[in-house]
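Here are some short exercises on charged side chains, each with a worked solution. Take a look at the model, then try each task before reading on.

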Amino acid sequence: MKQLNKWRIGSKTAEKKSVNGVQGEMDALQWTDRLRQEIYEAHLEWENANRFFDYALGKDQIDYAIYAIITAEKRYDSLLRTAKRACKSWSEWRAVQ
């Protein structure tokens, strides 16, 4: 059966809904780990967008690179704000893989 994930930003729980409407909730630790993973991936996207800009040739590639940088920065910033709001005490940052 196909699963759909729905995240509520700013909450310590996330709902996982299936097509038939069955709901479950992740605990706070799972949510925090997932948020850390999202932040790590967003940071990588931002670094890659900046790297692409360094090697962009032509007007179209430069425009795309700028758009990618702006998009990646906004996502990264949004996730960091979510983490700051939701996690009053953020335990030591663990290496995310």
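**Exercise 1.** What is the relative accessible area of aspartate 77, and which class does that give?

*Solution.* Before starting, note that this is a predicted model, where local features need pLDDT of at least 70, side-chain atom pairs count only at pLDDT 80 or more, and totals for chains, interfaces and linings use all residues. Residues are numbered from 1 along each chain as its sequence is written, and side-chain values use heavy atoms, with hydrogens and water left out.

Step 1: recall the classes: buried is under 20% relative accessible area, exposed is over 50%, and partly exposed lies in between (1.4 Å probe, protein chains only).
Step 2: aspartate 77 has a relative accessible area of 38%, so the residue is partly exposed.

**Exercise 2.** Find the salt-bridge partner of aspartate 77 and place the pair in its helix.

*Solution.*
Step 1: a salt bridge needs a side-chain nitrogen of Lys or Arg within 4 Å of a carboxyl oxygen of Asp or Glu.
Step 2: arginine 81 fits, with closest N and O atoms 3.1 Å from each other.
Step 3: both residues belong to helix H2 and sit four residues apart, so about one helical turn separates them. Helices here are DSSP runs (H or I, at least four residues), numbered from the N terminus.
Step 4: arginine 81, at 42% relative accessibility, is partly exposed.
Step 5: elsewhere, salt bridges with shared partners link Arg34, Glu38, Glu45 and Arg75 into one network.

**Exercise 3.** Is glutamate 38 buried or exposed?

*Solution.* Glutamate 38 is buried, because its relative accessibility is 17%. Its side chain forms a salt bridge with arginine 34 (2.6 Å, N to O).

Technical notes:
Helices (H or I, at least four residues) and strands (E, at least two) are DSSP runs, numbered from the N terminus.
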